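Work through the exercises below with the structure open. Each task is followed by a stepwise solution.

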Number of protein chains: 2
Amino acid sequence: MVRTCNPAIIVHGGAWSIPDDAVTASVHGVEKAASVGYEALINGRTALDAVEAAVRNLEDDPIFDAGTGSVLNEDGVVELDSIIMNGKTLSCGAVACVKNIKNPVSLARLVMEKTPHILLVGEGANKFAAQNGVDEVEPEELVTPAAVEEWKRFKQYSQTVDSLFNKSGQRPSDTVGCVAIDKDGNIACGTSTGGITAKRAGRVGDSPIVGCGAYADNAVGGVSTTGHGESIMKVTLARHVLYLMEERKLGPSEAAHAALDYMRTKVDGCGGVIVIDSKGNIGHAFSTKRMAWASYSEGTLASGI
Amino acid sequence: MVRTCNPAIIVHGGAWSIPDDAVTASVHGVEKAASVGYEALINGRTALDAVEAAVRNLEDDPIFDAGTGSVLNEDGVVELDSIIMNGKTLSCGAVACVKNIKNPVSLARLVMEKTPHILLVGEGANKFAAQNGVDEVEPEELVTPAAVEEWKRFKQYSQTVDSLFNKSGQRPSDTVGCVAIDKDGNIACGTSTGGITAKRAGRVGDSPIVGCGAYADNAVGGVSTTGHGESIMKVTLARHVLYLMEERKLGPSEAAHAALDYMRTKVDGCGGVIVIDSKGNIGHAFSTKRMAWASYSEGTLASGI
């Protein structure tokens, strides 16, 4: 079999002020997910399969704010957002504000593959899940004691959601994401999140929004972002990273840094970015205190926070 | 008063195969909306005010698929999407899959101005509306006989929504939009739609998605798009137009044409674009059979279809 490309993968577990006592579990979590995705790649599976596998792994890890372990909205309810994108065709699928779904990234993939649409939200997304045999879980199944504690702390601290919000990335926001390239040079990316604690019911951030939380085009590369969702949306951060690579010929890490600088300059926002270019080069950057990340390429695992 | 810029405005009423018997009403509708918005501008109001006024006018016109006259989804229900964006700050507000709201663009503006969020969807968006004194209308109030007829035709023709979908812009899709620049050189844009007939419940297209259905940055210009929503999303069409203007120094019409060519090449999609650049130059383009548009600048009304 001719390999046109060395498979590679990078994942993140969210960019924010990750507290010291969560560092070990966060790094362990991203390393595990990168390994799961890389194994899929070296077994000959597609970038899409690897991204889905890695993001599912991150969603199932209660340390991260996606799937199990997601934060609670103002009403104490988990509302989930996710996207997956295929860089070969620019096809993508996404769900937003969906409830009681264990692995939103897999539901996003079903939207991509089973409908002519890209984004399904709210009750319609849950209806689609039911029609396609994706069982809902009990609401409590996704809720961790840590998420409840955090929600209580925010509710006690202030009655108004809006006053709690800040742009510096201090609010817990462990969105997860993945970018992968397979042996055929196909690139895929995915992002999944529970959003921000005490967010308004119905609030959708950047994660499930194409060009904001993720973007992939085989001709250039793939990106997943994390951080202050509204800032990321204002500058369409994922698409911006690829524009910098395409138009200004920046490398992946250089483009990631430049895009975060742009976001800080334009809207005073912080976040993190993971990237793989069309040749399989990996990059990442973050402007928050920490971002858990791990990559696997040419048999070598790298990670950091 | 020193005018740093000649106010200008352009609106569209959707890019698709508008039938002959709808041509006169469509042109009349966009001319009226452009006039309403232009009057706001020459009376010294902001680009945001002008965009909101013009889009409200288009939403209230039953000939267009936005607000009153919106198409029905698979369940025979109107679900509305809208966005508004301020090019001065990159602030934006949007609602998606909201029900029983007469003027979604004004609700989108409330999201921008009264919350730290950008996008609210579904029940959460309706809850926010109620909290902010935006009354819901009776569901029937937004439904025109023409929309019901069209829905029945599609339901009769096929039971499967998906098989009805096509990318050539033949399906009715009269999304409305507006871009304006005020005397201070501030640019704003907005887009509003009922989506595509017989869409799945919960389906959100490009219109309320920042960078897809609209984007504005005073430094470059403002854009509103229309056409096949999923294709527009795959190439983040609105942001792409501005990138072409910024990076490749294309003029507004040139960038609009180039972006539509890009969309056709990349994902075989059709649509339309309206643009104003930072100097107040107006442009538009469409790759569908027709797009109703009207502009007002230096006291002169222009229109076409």
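**Exercise 1: Surface and fold of chain A**

Chain A exposes about 10,100 Å², and carbon and sulfur atoms supply 48% of that area. The model is predicted.

Task: Determine how many helices and strands chain A has, and how its radius of gyration stands against the globule rule.

Solution.
1. Count the elements: chain A has nine helices and 13 strands.
2. Take the radius of gyration: 17 Å, close to the 19 Å that the globule rule gives for 305 residues, so chain A is as compact as a globular protein of that length.
3. Add the extents: the C-alpha trace spans about 60 × 45 × 35 Å along its principal axes.
4. Check burial: 67% of the 305 residues in chain A are buried.
5. Check contact range: of the chain A contacts between residues at least 6 apart in sequence, 69% join residues at least 24 apart.

**Exercise 2: Charges of chain A**

Task: Find how far apart the mean positions of the positive and negative charges of chain A are.

Solution.
1. Count the charges: 28 positive and 37 negative.
2. Compare their mean positions: these are 4 Å apart.

**Exercise 3: Positive phi in chain B**

Task: Locate B:Asn100 and B:Glu298, and decide for each: buried or exposed?

Solution.
1. Recall the background: most residues other than glycine have a negative phi.
2. Read the angles: phi is about 60 degrees at B:Asn100 and near 50 degrees at B:Glu298.
3. Place B:Asn100: it sits in the loop between strand E3 (91-98) and helix H3 (104-114) of chain B.
4. Place B:Glu298: it lies in the loop between strands E12 (290-297) and E13 (300-304) of chain B.
5. Apply the cut-offs: B:Asn100, at 17% relative accessibility, is buried, as this is under 20%. B:Glu298 has a relative accessible area of 62% and is exposed, as this is over 50%.

Technical notes
Residues numbered from 1 in each chain as written. Chains lettered and ligands numbered in written order. Predicted model: local features only at pLDDT ≥ 70, side-chain atom pairs only at ≥ 80, totals over all residues. Heavy atoms only, no water. Helix = DSSP H or I, 4+ residues; strand = E, 2+ residues; numbered from the N terminus. Buried < 20%, exposed > 50% of the residue type's maximum accessible area, 1.4 Å probe, protein only. Rg over C-alpha atoms; globule rule 2.2 N^0.38 Å. Contact = heavy atoms within 4.5 Å. Areas by Shrake-Rupley, 256 points an atom, 1.4 Å probe, with all protein chains shown as cover. Lys, Arg positive; Asp, Glu negative; His and termini not counted. Charge placed at Lys NZ, Arg CZ, Asp CG, Glu CD.
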